[in-house]
Amino acid sequence: IRVRVEHAFAALKGRFQSLRELRHPVQNAEQLQYITHWVNCCLILHNMIIHIEGRLYGNSKSIEWAR
């Protein structure tokens with residue numbers, strides 16, 4: 001499971017460069033919530049892109065890795 005999680009994070013970092021440089025200090029609950037929302041937004045956008053690519057290109061196996 002750990003390897004799959006690491007691959008998922010690598011895929012997200014490859015698609016969203018902002019996650020590569022996400023070095024935000026977490027000193028309180030508000031900052032943790034900010035980072036959590038940031039990552040959640042990237043996940044939502046990632047899933048939307050997969051859905052749209054699936055509609056445009058059919059159920060291509062090239063995007064199966066991301067599901």
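Visitor: What is the sign of phi at Gly58, just after helix 3?
Guide: In this predicted model, the phi of Gly58 is positive, at about 75°.

Visitor: What happens at the start of helix 3, where Asn28 and Glu30 are found close in sequence?
Guide: A side-chain oxygen of Asn28 comes to within 3.2 Å of the backbone nitrogen of Glu30. A polar contact needs N or O atoms within 3.5 Å, and the Asn28 oxygen and Glu30 nitrogen, within 3.2 Å, therefore fall inside that limit.

Visitor: How do you know that the span of helix 3 agrees with its number of residues?
Guide: Helix 3 covers residues 29-57, which is 29 residues. At 1.5 Å a residue it should span 42 Å, and its end C-alpha atoms are 42 Å apart, so the two values agree.

Visitor: How many helices and strands does the protein have?
Guide: There are three helices and zero strands. Along the sequence this gives the pattern α-α-α.

Visitor: Why is Cys42 called buried?
Guide: Its relative accessible area is 5%. The cut-off for buried is under 20%, so Cys42 meets it. Cys42 is part of helix 3, where Gln31, Ile35, His46, Ile50 and Gly54 are buried as well.

Visitor: What covers the buried residues of helix 3?
Guide: The cover includes helix 1 (2-15) and helix 2 (17-20). For Cys42, leaving aside residues up to four places away in sequence, the residues touched are Leu12, Phe16, Ser18 and Leu19. Cys42 and Arg15 are 27 residues apart in sequence, and their C-alpha atoms are 9.0 Å apart in space.

Visitor: What share of the contacts in the protein joins residues 24 or more positions apart?
Guide: That share is 32%, taken over contacts with a separation of 6 or more.

Visitor: Why is His24 called partly exposed?
Guide: His24 has 34% relative accessibility. Buried is under 20% and exposed is over 50%, so a value of 34% counts as partly exposed. His24 lies in the loop between helix 2 and helix 3.

Visitor: Which residues does His24 touch, not counting those up to four places away in sequence?
Guide: They are Gln31, Tyr34 and Ile35. Between His24 and Tyr34 the separation is 10 residues in sequence and 9.3 Å in space, C-alpha to C-alpha.

Visitor: What makes the pair Glu6 and Arg2 a salt bridge?
Guide: The N to O distance between their side chains is 2.7 Å. The limit is 4 Å between a side-chain nitrogen of Lys or Arg and a carboxyl oxygen of Asp or Glu, so the pair at 2.7 Å qualifies. The structure holds one salt bridge.

Visitor: Why are Glu6 and Arg2 separated by about one helical turn?
Guide: The two are four residues apart in helix 1, which means about one turn. An α-helix has 3.6 residues a turn, so residues three or four places apart point the same way.

Visitor: How are Glu6 and Arg2 classed, buried or exposed or partly exposed?
Guide: Glu6, at 42% relative accessibility, counts as partly exposed. Arg2, with a relative accessible area of 58%, is exposed, since the cut-off for that class is over 50%.

Visitor: Which residues make the nonpolar surface patch?
Guide: Ile44, Leu45, Met48, Ile52, Leu56 and Tyr57 make a patch of about 660 Å². One of them, Ile44, is in helix 3.

Visitor: What is the accessible surface of the protein as a whole?
Guide: The total is about 5,700 Å², with 58% belonging to carbon and sulfur atoms. Of the 67 residues, 16% count as buried.

Conventions: Residues numbered from 1 in each chain as written. Predicted model: local features only at pLDDT ≥ 70, side-chain atom pairs only at ≥ 80, totals over all residues. Heavy atoms only, no water. Buried < 20%, exposed > 50% of the residue type's maximum accessible area, 1.4 Å probe, protein only. Contact = heavy atoms within 4.5 Å. Areas by Shrake-Rupley, 256 points an atom, 1.4 Å probe, with all protein chains shown as cover. Expected span 1.5 Å × (residues − 1). Polar contact = N/O pair within 3.5 Å; in protein donor to acceptor, adjacent residues only side chain to side chain. Patch = residues over 30% accessible without salt bridge, like charges linked within 9 Å, V, L, I, M, F, W, Y side chains within 5 Å.
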